[in-house]
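Hi everyone, thanks for coming. Please have a look at the model on the screen, and then I'll talk you through some of its packing.

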Amino acid sequence: MLLSLFSGCGGLDLGFERAGFRVGLAYDVRSDSIDSWNRNRRGPTRGHVADLTAIRLADIDHHFGARFTPSALIGGPPCQSFSRANRSPVPHDPRTKLVRRFFTLGLQFHRHRNPLDFMLMENVAELQTGPHNAILDREIERLKANGFDVLHFLADAVRHSVPQRRERLFVLAFRKDTLAAQHWRQPVGTDRRRTVSEVIRDLPPPAYFTRGLERHAIPHRPNHWCMSPKSSRFFDGSLKEGYSSARSFKTLAWDEPSITVSYGHREVHVHPDGRRRLSVFEAMQLQGFPDDYVLEGTLSGQIDQVSQAVPPPLAHAIAVSIRSALLSVPAEDSVPAYASSSSSIASARAS
């Protein structure tokens, strides 16, 4: 059973669920993210809103309804303070402490409850470079001192059937006595690149945001809505397919993977036709979410959720590699391949 911290809307968790793991509890500070997490899973409520800088083991036991003894920890502490997209870094940004908090909570369970088989943290690649690598180095040394073998690696979602170039850092710590680190192999994925056209070209037009828009009035899917185009650039033909030199008007190309789905300050990428920005549902498709995965909250809240999510197919590939290492069997023999059809989500929801 897994504990998920900084879970967001559940992209990382969904990949692990589809690889055969069960998430016992999930936490995030944002209520709309947790609403989305719970909306897409059956059974008793497992997603909870909490300030993870202050949560105690007793609080987690209370939410679980019994003494909680997870076998592993997964999650993605907020990465904005490390990202190259952060043009205005703040000295002593409190978000830089959340990486340490993630592993501190994991080590508390490891020492005082059930020894953890593994911990997996996702973050931006910049965490291992420049002024931030000292944060990562300290945590790796701390994990080693507590009996873990630690690996860290970069993985690009585009190699794992996600129509998007999205490179992320993963820190994977296996409990030393499991010997899993010796058997683990990084998933390499495939050279085939899925394109924007494959996943959104045939979608009908979305609804434009207006105050008071009811969810039932949004066509096709509950999240198929976007901001109303207002800039003259959406109407004068200046936004050409593949145009990416302007930060606020990066326009996708039909026959290429998307650039990274990360929309700081609501700078949602422009649809390849150049006449509007992407809908939330289109962005979810570019992230590899199933058709029937639904995000809750406001339009801006949904944009934040999809921007910050781990693509489920990438999460699944990593989860399969971890499972096979723990079982000491080849990854291709451990679980079925990730399925993106809407009918397959039932198994994840029932986990």
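I'll begin with the overall picture, then turn to one helix, the aromatic rings and two helix pairs.

Before anything else, please keep in mind that this is a predicted model. The chain has 351 residues, and 54% of them count as buried. It contains 11 helices and nine strands. If you take the contacts with a separation of 6 or more, 65% of them are between residues 24 or more positions apart.

Let's go to the start of the chain. How many residues of helix α1 are buried? This helix covers residues 11-18, and eight of its eight residues are buried, so we can call it mostly covered. The list includes Leu 12 and Leu 14, and also Asp 13, Glu 17 and Arg 18. Just past the end of α1 comes Gly 20, with a positive phi of about 100°.

Phe 16 also belongs to α1, and it brings us to the rings. In total, the structure holds 12 aromatic pairs. One of them joins Phe 16 and Phe 21: the ring centres are 5.3 Å apart and the planes meet at 55°, so this pair is tilted. Stacked would need planes under 30 degrees apart, and edge-to-face would need over 60. Are these two rings buried or exposed? Phe 16 has a relative accessible area of 0%, so it is buried. Phe 21 comes out at 12% relative accessibility and therefore counts as buried too.

A second tilted pair is Phe 289 with Tyr 293, where the centres are 4.9 Å apart and the planes are at 45°. Phe 289 is buried, at 4% relative accessibility, and Tyr 293 is buried, at 1%.

Now back to Phe 16 and Phe 21 for a moment. Which residues do ring pairs link with them into a cluster? Those are Phe 118 and Phe 174.

Rings can also have an arginine over them, and I have two examples. Arg 201 lies over the face of Trp 254, at 4.2 Å from the ring centre. Arg 233 does so with Phe 249, at 5.0 Å from the ring centre.

On to the helix pairs. First up are α4, residues 98-112, and α5, residues 133-145; their axes come within 10 Å and cross at roughly 10°. Angles under 35 degrees count as roughly parallel, and therefore these two helices are roughly parallel to each other. On the α4 side, the contact is made by Val 99, Arg 100, Phe 103, Thr 104 and Leu 107. From α5 come Ile 135, Glu 139, Arg 142 and Leu 143. That contact divides into five nonpolar residues, one polar and three charged. As a reminder, an α-helix has 3.6 residues a turn, so residues three or four places apart point the same way.

The other pair is α8, residues 280-287, with α9, residues 299-308. Here too the axes come within 10 Å and cross at roughly 10°, which means that α8 is roughly parallel to α9. Val 280, Ala 283, Met 284 and Gln 287 make the contact from α8, while α9 brings Leu 299, Gln 302, Ile 303, Val 306 and Ser 307. What kinds of residues are these? Six are nonpolar and three are polar, with no charged residues in the contact of α8 with α9.

That's my tour, and I'm happy to rotate the model for anyone who wants another look.

Conventions
Residues are numbered from 1 along each chain as its sequence is written. This is a predicted model: local features need pLDDT of at least 70, side-chain atom pairs count only at pLDDT 80 or more; totals for chains, interfaces and linings use all residues. Side-chain values use heavy atoms; hydrogens and water are left out. Rings of Phe, Tyr and Trp (its six-membered ring) pair if their centres lie within 6.5 Å; planes under 30 degrees apart count as stacked, over 60 as edge-to-face and the rest as tilted. Buried means under 20% relative accessible area, exposed over 50%, partly exposed in between (1.4 Å probe, protein chains only). A charge sits over a ring if NZ of Lys or CZ of Arg is within 6 Å of the ring centre and within 35 degrees of the ring normal. Helices (H or I, at least four residues) and strands (E, at least two) are DSSP runs, numbered from the N terminus. Axes are lines fitted to C-alpha atoms, for helices over the stretch in contact, and angles run from 0 to 180 degrees between N-to-C directions. Angles under 35 degrees count as roughly parallel, over 145 as roughly antiparallel, 65 to 115 as roughly perpendicular and the rest as oblique. Contact means heavy atoms within 4.5 Å. Ala, Val, Leu, Ile, Met, Phe, Trp, Tyr, Cys and Pro count as nonpolar, Asp, Glu, Lys and Arg as charged, and the others, Gly among them, as polar.
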